[in-house]
There are 2 protein chains.
Amino acid sequence: MNTDPIKRSLEAGGLRCTPQRYAVMAFLREHEGHPTAAEIFEAVNRRCYSGKDPRSSRATTYNNLRDLVEAGLVREVAVEGRAARFDAKGLRNHHFICDRCGKVEDVEWYDVPRPRSGSLGKRVLRECELIFRGLCAKCAARRSS
Amino acid sequence: MNTDPIKRSLEAGGLRCTPQRYAVMAFLREHEGHPTAAEIFEAVNRRCYSGKDPRSSRATTYNNLRDLVEAGLVREVAVEGRAARFDAKGLRNHHFICDRCGKVEDVEWYDVPRPRSGSLGKRVLRECELIFRGLCAKCAARRSS
DNA sequence: GTGTCAAATTAGACATAATCTAATTTATTG
DNA sequence: CAATAAATTAGATTATGTCTAATTTGACAC
């Protein structure tokens, strides 16, 4: 009986369940932050997520991230900066980006009022995310010291 | 008498007013979209914004974009995708990102209700931007054809 | 358990985006 | 005009991401 949630979500997304994909999903699900592809690549090669030899090539990690994003299982986080960042598509979050250190933190989701009628013209709205900016708790504490 | 707004804004930001910087600011102020650094580099080398030889090296364009962002005169737009995108810090906008074609469009600003008390913990909030996602007018029209 | 086969992986080459470096130029100021 | 720190430069370098052809493999049918 197939009860593993990662395996089920891959299959639901039309993707084969390979050890490399499993490792990426497992890492993103237990990792709190928003890692870059390089961080994900290093992680899946450092620790065994799937019980098998975890080695994965860089191209595979990039390919898999793209496939998982397209399948809706992983989301790329909209942040400034050089490298793309990812998180597993669990609960939706808003994000807080620190002006000083650049850290991206999850903020509990709440629904945002839609823009007033006509504001979006003929666009079709799917989602509305908030990006908060300011100083994270750590940088705010440093500034007032 | 120094009345040029670009020159004044550079000086207010603590930066020397060089022809290369002037050209970047001028381009971003009149450009509606959110160009990449490569597009900015090509533009400032294609057309004379400052009345002088517009040539600028790639490193200079990148250096200047970084300095202008740090000085608060230009903002990097938070979007997914490979290359950073920029706009001049004029009127604040929200953004609409198309799921299909990736285009980033400005949406007229309105203030968003702040998150409920305690939600942000000890962070210091400066700004709250909305990112809308869905289909742009063009892609929405194509889909229903 | 075996065979099939399309999906996926691989390793390294390649492409794109962005940064670094040391020498040189220049904007600003006195 | 001279001084000087800020800025520019050109190309090397690094970081990020993609491509390619050969090989492997997950899932399925039998």
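Colleague: Why do you call what joins the side chains of Arg123(B) and Glu105(A) a polar contact?

Modeller: This is a predicted model, and in it the two side chains come to 2.5 Å. The cut-off for a pair of N or O atoms is 3.5 Å, so 2.5 Å passes and the pair counts as a polar contact.

Colleague: What makes Arg123(B) buried or exposed?

Modeller: Its relative accessibility does. Arg123(B) has 18%, and buried means under 20%, so Arg123(B) counts as buried. You'll find Arg123(B) in the loop between strand 4 (104-108) and strand 5 of chain B.

Colleague: Which residues is Arg123(B) in contact with, leaving aside its neighbours within four places in sequence?

Modeller: They are Phe96(A), Glu105(A), Asp106(A), Val107(A), Leu135(A), Cys136(A) and Ala137(A).

Colleague: Why is the pair Arg133(A) and Glu129(B) called a salt bridge?

Modeller: Their closest N and O atoms are 2.8 Å apart. The rule asks for a side-chain nitrogen of Lys or Arg within 4 Å of a carboxyl oxygen of Asp or Glu, so this Arg and Glu pair fits. Across the interface of chain A and chain B, the rule finds 8 salt bridges. It also finds 16 residue pairs in polar contact there, both residues at pLDDT 80 or more.

Colleague: Which part of chain A gives the most to the side that touches chain B?

Modeller: That's strand 5 of chain A, with 12 residues. The residues on that side of chain A split into 20 nonpolar, 3 polar and 15 charged.

Colleague: How do you know that strand 5 of chain A pairs with strand 5 of chain B?

Modeller: Count the bridges. Pairing needs at least two, and 11 join these strands, so they pair. They run antiparallel, and Cys128(A) stands opposite Phe132(B).

Colleague: How is the size of an interface often given?

Modeller: Often as the accessible area lost when the parts come together. For chain A and chain B the buried area is about 3100 Å², with carbon and sulfur atoms giving 53% of it. The contact takes 38 residues from chain A and 38 residues from chain B.

Colleague: One more: what makes Asn64(B) buried or exposed?

Modeller: Asn64(B), in helix 4 (residues 58-70) of chain B, has 5% relative accessibility. The limit is under 20%, so Asn64(B) counts as buried. Not counting residues up to four places away in sequence, Asn64(B) touches Gln20(B) and Arg21(B).

Terms used
Residues are numbered from 1 along each chain as its sequence is written. Chains are lettered from A and ligands numbered from 1 in the order in which they are written. This is a predicted model: local features need pLDDT of at least 70, side-chain atom pairs count only at pLDDT 80 or more; totals for chains, interfaces and linings use all residues. Side-chain values use heavy atoms; hydrogens and water are left out. Contact means heavy atoms within 4.5 Å. Buried area is the accessible area (1.4 Å probe) that two parts lose on being put together, summed over both. A polar contact is a pair of N or O atoms within 3.5 Å; within protein, one must be able to donate a hydrogen and the other to accept it, and residues adjacent in sequence count only if both atoms are side-chain atoms. Helices (H or I, at least four residues) and strands (E, at least two) are DSSP runs, numbered from the N terminus. Ala, Val, Leu, Ile, Met, Phe, Trp, Tyr, Cys and Pro count as nonpolar, Asp, Glu, Lys and Arg as charged, and the others, Gly among them, as polar. Buried means under 20% relative accessible area, exposed over 50%, partly exposed in between (1.4 Å probe, protein chains only).
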